[in-house]
Amino acid sequence: MKISNIPATLWGEKSNKLFIAVHGNLSHKEDTVIELLADEATRKGYQVLSFDLPEHGDRKTEGTPCKVQHCVQDLIEIGRYAQENWNEVSLFACSMGAYFSLLAYRDIELKTALFLSPVVDMERIIRNMMMWFQVTPEQLEKEGTIDTPVGQKLYWDYYCFVLEHPVDRWNVDTRILFGAKDNLVEFDTIHKFTEIFPCTLEIMDDGEHYFHTDEQLDVFKQWLEKNIE
């Protein structure tokens, strides 16, 4: 299906309860963790609505860059569709999908939010990348876009949007699963987020940012079973 030209997948039998599922970087709407979410959520009477972010899945050749401002607008469109068609809406988001959700869904009523390896401080991640690749704010402003050796682009307008839109309000009951070996999101940023906002945090000692091993996915499945009510 398409929602405002956004390729989407709807999982499960008709229900009045829905999970919006937002994937992470280099992922897509039918990624393993979303499929596992759909298995557990549909078993408990929910439907799951997942979709592709720009430059991902069925949108790789679309031409829209995966910038925060475009992604947040897409999430707002999906959120509007969800609220019009379901009585109760919850959220699952992974990695950068969690960051986009924190901006897009701060004003809509959600029953609960489940975050896997969430990016909660995008400014810090961008600053870290600039430090790793010796890019100054002045350089980025002058060039607009800078390619990095890891395949990710740095954008000046993306950086400005992040600075202008701080995550300063989030009133949703939120459960977080975080890997102690996460090499992208530092633990202190997650800890600070859980101190400020209504969250519970579970840490997997052998978890990485990308949950992909059998052991990590087993922990993820157990966490879903415990937190989808």
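A residue is called buried when its relative accessible area is under 20%, exposed when that area is over 50%, and partly exposed in between. In this predicted model, Ile76 has a relative accessibility of 28%, so Ile76 counts as partly exposed. Ile76 belongs to helix α2, which runs over residues 68-85. Thr42 stands 34 residues from Ile76 along the chain, and the C-alpha atoms of the two are separated by 23 Å.

**Pockets and cavity**

Rolling a probe the size of a water molecule over the atoms shows where empty space is left. The open and enclosed spaces are set out below.

| Space | Volume | Nonpolar lining residues | Polar lining residues | Charged lining residues |
|---|---|---|---|---|
| Largest pocket | about 1100 Å³ | 20 residues | 11 residues | five residues |
| Second largest pocket | about 350 Å³ | 10 residues | two residues | five residues |
| Largest cavity | about 40 Å³ | five residues | one residue | three residues |

The largest pocket is lined by 36 residues, and those closest to its centre are Asn25, Leu26, Met96, Gln152 and Leu184. Helix α4 (122-132) and strand β8 (153-155) each supply at least two residues of this lining. The largest share, five residues, comes from α4.

In the second largest pocket the lining consists of 17 residues. Val120, Asp121, Met122, Val167 and Lys192 lie nearest the centre of that pocket. Three helices, α4, α6 (156-164) and α7 (187-196), each give at least two residues to the lining. Here the largest share is that of α7, with five residues.

How many cavities of 30 Å³ or more does a search of the whole structure find? The search finds one. Its volume is about 40 Å³, and its lining is made up of Val119, Val120, Asp121, Arg124, Ile125, Leu184, Val185, Glu186 and Thr189. Some of these names recur in the pockets: Leu184 is one of the residues closest to the centre of the largest pocket, while Val120 and Asp121 are among those nearest the centre of the second largest pocket.

**Helix α8**

Helix α8 covers residues 214-227, which makes 14 residues. From its first C-alpha to its last, α8 reaches 20 Å, close to the 20 Å expected at 1.5 Å a residue. Its buried residues are Gln216, Leu217, Phe220, Trp223, Leu224 and Asn227. These residues are on the same side of α8 because they cover an arc of only 115° around the axis. An α-helix has 3.6 residues a turn, so residues three or four places apart point the same way. On the face of α8 turned away from the buried side are the exposed residues Asp214, Gln222 and Lys226.

**Cysteines**

The structure has zero disulfides. Cys71 is in no disulfide, and its nearest cysteine sulfur, that of Cys66, is 3.6 Å away. A disulfide needs the two sulfur atoms within 2.5 Å, so this pair does not count as one. Cys71 is buried, with a relative accessible area of 0%. Cys94 is likewise in no disulfide; the nearest cysteine sulfur is again that of Cys66, at 13 Å. Cys94 has a relative accessibility of 13% and therefore counts as buried.

Conventions:
Residues are numbered from 1 along each chain as its sequence is written. This is a predicted model: local features need pLDDT of at least 70, side-chain atom pairs count only at pLDDT 80 or more; totals for chains, interfaces and linings use all residues. Side-chain values use heavy atoms; hydrogens and water are left out. Buried means under 20% relative accessible area, exposed over 50%, partly exposed in between (1.4 Å probe, protein chains only). On a 1 Å grid over the protein atoms alone, a cavity is a set of points where a 1.4 Å probe fits but cannot get out, and a pocket is an open set with protein on both sides within 12 Å along at least five of seven lines; lining residues have an atom within 4 Å of a point. Grid points are joined across faces, edges and corners, and a volume is the space filled by probe spheres set on the points. Helices (H or I, at least four residues) and strands (E, at least two) are DSSP runs, numbered from the N terminus. Ala, Val, Leu, Ile, Met, Phe, Trp, Tyr, Cys and Pro count as nonpolar, Asp, Glu, Lys and Arg as charged, and the others, Gly among them, as polar. The expected span of a helix is 1.5 Å times one less than its number of residues. The arc is that of the directions from the helix axis to the C-beta atoms.
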